[in-house]
Amino acid sequence: MHTRGNQVLEGMFISTQEPHRTIRSHITDSGESYLLVGGESHKTGQGGDTREHYRRIEQYAKEHFMIESIEYRWSTQDNMPADRVPFIGLFTLASRRLYVATGFGGWGMTLGTVSGMILSDMVLKRPNPWLSLFDPNRFTSLTSAKKFIIENLNVARELTAGHLIPPARRSFEDLARGEGALIQAGEAKVAAYKDDQGRIHALSPNCTYPGCVVSWNSAEKSWDCPCHGSRFDYHGKVIHAPAIKDLVKKK
């Protein structure tokens, strides 16, 4: 968001009330000031129309700051370990030179620095007092069991509902240009998108990891998996893991 009068906030901020809002400034090399406002936490492929989330964030920003224009909009994903502690260290117990740093839960600016400190100490064989706390191979069954069960029940629900609930029976011709939707084509579901030239891009709606039915993200023109957060562009190309294979194209 471009601000008027070079309105700048020194630092990074997060609100205490729900829904949470994060705020920070960015100054370009030419001296223009931008305000980065985030929030509206929801799981990928869930939470309704992404455009409505954007609208609420923009409304909040205009109510509290002098916003001149909305320049960019995007969604990102935060990896959240079940016990809310990041994974920093050797990838597996058998790893010798393969390290991992993930699960920052939205605190990448600080935890990225922590990761650099821990991993550099590990590579250089120096002791680090935080090593056991962030160990990716730690055993935390008691503290994380409830969260683990809840998340897997959510996956099971989305997996089942996606395959059992039929889409609206619309034909490809019913799609407006720039619109995507699940179409019931005979006995099969199809993830269909009509581009600005009127061409239909038809794909299998089954995510390639592990098979949940994707949903259409109208704000970013992507197919999003509600189970594990994989995302695909309207051509079916993977744009976010854990899926590594593209959606299958329908002829």
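**Stop 1: helix α2**

Begin by selecting Leu111, Val114, Ser115, Ile118, Leu119, Asp121 and Met122, the buried residues of helix α2. Look down the axis of α2: these residues fall within an arc of 155 degrees, so they line one face of the helix. The general rule behind this pattern is that an α-helix has 3.6 residues a turn, so residues three or four places apart point the same way. Now select the whole of α2, residues 108–123. The helix has 16 residues, and the distance from its first C-alpha to its last is 21 Å, close to the 22 Å expected at 1.5 Å a residue.

**Stop 2: the whole chain**

Zoom out before going on. What you have open is a predicted model. The chain contains four helices and 14 strands. Its C-alpha trace spans about 65 × 55 × 30 Å along the principal axes. Of the 251 residues in the chain, 35% are buried.

**Stop 3: the sheet of β8, β9 and β10**

Select strands β8, β9 and β10. They form an open sheet in that order, with antiparallel pairing. Which strands stand at the edges of this sheet? They are β8 (179–185) and β10 (200–203); each has a single partner strand, so one side of each is left without a neighbour in the sheet. From one strand to the next the twist averages 30 degrees.

Next, show the pairing of β8 with β9. The two strands run antiparallel and are joined by seven bridges. One bridge to pick out is that of Ala185, whose partner in β9 is Ala188. Two residues lie between the strands in this hairpin, and Gly186 takes a positive phi near 70 degrees there.

Move to the other pairing, β9 with β10. Here four bridges hold an antiparallel pair. Select Tyr193 and His201: His201, in β10, is the bridge partner of Tyr193. The hairpin of β9 and β10 has five residues between the strands, and in it Gly198 takes a positive phi near 90 degrees.

Stay with β9 for a moment and colour it by burial. Six of its seven residues are buried, so the strand is largely enclosed by the rest of the structure.

**Stop 4: the aromatic rings**

The structure holds three aromatic pairs. Select Tyr193 again, this time with Tyr234: their rings form a tilted pair, 4.3 Å centre to centre, with 35 degrees between the planes. This pair links distant parts of the chain, since Tyr193 is in strand β9 (residues 188–194) and Tyr234 is in the loop between β13 (231–233) and β14 (238–240), 41 residues apart.

Are the two partners buried or exposed? Tyr193 has 2% relative accessibility and counts as buried. Tyr234 is partly exposed, with a relative accessible area of 23%.

Now add Trp216 and Trp223 to the selection. Ring pairs link Tyr193, Trp216, Trp223 and Tyr234 into a cluster.

**Stop 5: the sheet of β11 to β14**

Select β11, β12, β13 and β14. These four strands form an open sheet in the order β11-β12-β13-β14, and the pairing is antiparallel. At the edges stand β11 (215–217) and β14, each with a single partner strand, so one side of each has no neighbour in the sheet. The twist averages 35 degrees from one strand to the next.

Within this sheet, find β12 (residues 222–224) and β13, which pair in the antiparallel sense over three bridges. Trp223, a member of the ring cluster, has Phe232 in β13 as its bridge partner.

Then select Asn217, which is found in strand β11. With 4% relative accessibility, Asn217 counts as buried. Add Glu71 and show the distance: the C-alpha atoms of Asn217 and Glu71 are separated by 20 Å, and the two residues are 146 apart along the chain.

**Stop 6: a charge over a ring**

Last, select Arg21 and Tyr60. Arg21 lies over the face of Tyr60, at 5.4 Å from the ring centre.

Terms used: Residues numbered from 1 in each chain as written. Predicted model: local features only at pLDDT ≥ 70, side-chain atom pairs only at ≥ 80, totals over all residues. Heavy atoms only, no water. Phe/Tyr/Trp six-rings, centres within 6.5 Å; stacked < 30°, edge-to-face > 60°. Buried < 20%, exposed > 50% of the residue type's maximum accessible area, 1.4 Å probe, protein only. Lys NZ or Arg CZ within 6 Å of the ring centre and 35° of its normal. Pairing = 2+ DSSP bridges. Axes fitted to C-alpha atoms, helices over the stretch in contact; angles between N-to-C directions. Expected span 1.5 Å × (residues − 1). Arc of directions from axis to C-beta.
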